[in-house]
Amino acid sequence: MKKLELYFYNECPYCQIVLSTIKEAKLEDKVIYLNTRENPTHREKLIKDTGRGTVPCLYIDGKPMHESRDIAHWLKEYAK
């Protein structure tokens, strides 16, 4: 089982794509959710690690993946 951490915030339409995919793939309990608006420390870590503060960003075993469509595609494949 891979460690999955999602950096997101609810108002982001791209994050909603990823959140919907997580739900459809039944991975809700497998993902650690890190809201960058509710906790600025999460955003600071994201910027420190990637040089970007943009969300969504899914860390897969500590490696960041940006772009909602790439993340959604990866999640669908992982859930198979």
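Is Asn35 buried or exposed, and at what relative accessibility? The tour of this predicted model returns to that residue after a survey of the sheet.

**The sheet.** Begin by selecting the four strands. They form an open sheet of 4 strands in the order β2-β1-β3-β4, and the pairing is mixed. Next, highlight β2 (31-35) and β4 (63-66): these two strands stand at the edges, and because each has a single partner strand, one side of each is left without a neighbour in the sheet. From one strand to the next, the twist averages 25°.

**The β1-β3 pair.** Now restrict the selection to β1 (residues 4-8) and β3 (residues 57-60). The two run antiparallel and are joined by 4 bridges. To locate one bridge, select Tyr7, whose partner in β3 is Cys57.

**The helices on the sheet.** Add helix α2 (residues 40-50), which packs on the sheet and touches β1, β2, β3 and β4. The direction of α2 makes about 70° with that of β3. Then display helix α3 (residues 68-79), which also packs on the sheet, with contacts to β1, β3 and β4. Relative to the direction of β4, that of α3 makes about 120°.

**Asn35.** Finally, centre the view on Asn35, which lies in strand β2. Its relative accessibility is 9%, and Asn35 therefore counts as buried, the cut-off being under 20%. Show the side chain of Asn35: it reaches the backbone nitrogen of Glu38 at 3.1 Å. Leaving aside residues up to four places away in sequence, select Phe8, Tyr9, Asn10 and His42 to display the residues that Asn35 touches.

Technical notes. Residues are numbered from 1 along each chain as its sequence is written. This is a predicted model: local features need pLDDT of at least 70, side-chain atom pairs count only at pLDDT 80 or more; totals for chains, interfaces and linings use all residues. Side-chain values use heavy atoms; hydrogens and water are left out. Two strands pair if DSSP finds at least two bridges between them. Axes are lines fitted to C-alpha atoms, for helices over the stretch in contact, and angles run from 0 to 180 degrees between N-to-C directions. Contact means heavy atoms within 4.5 Å. Buried means under 20% relative accessible area, exposed over 50%, partly exposed in between (1.4 Å probe, protein chains only). A polar contact is a pair of N or O atoms within 3.5 Å; within protein, one must be able to donate a hydrogen and the other to accept it, and residues adjacent in sequence count only if both atoms are side-chain atoms.
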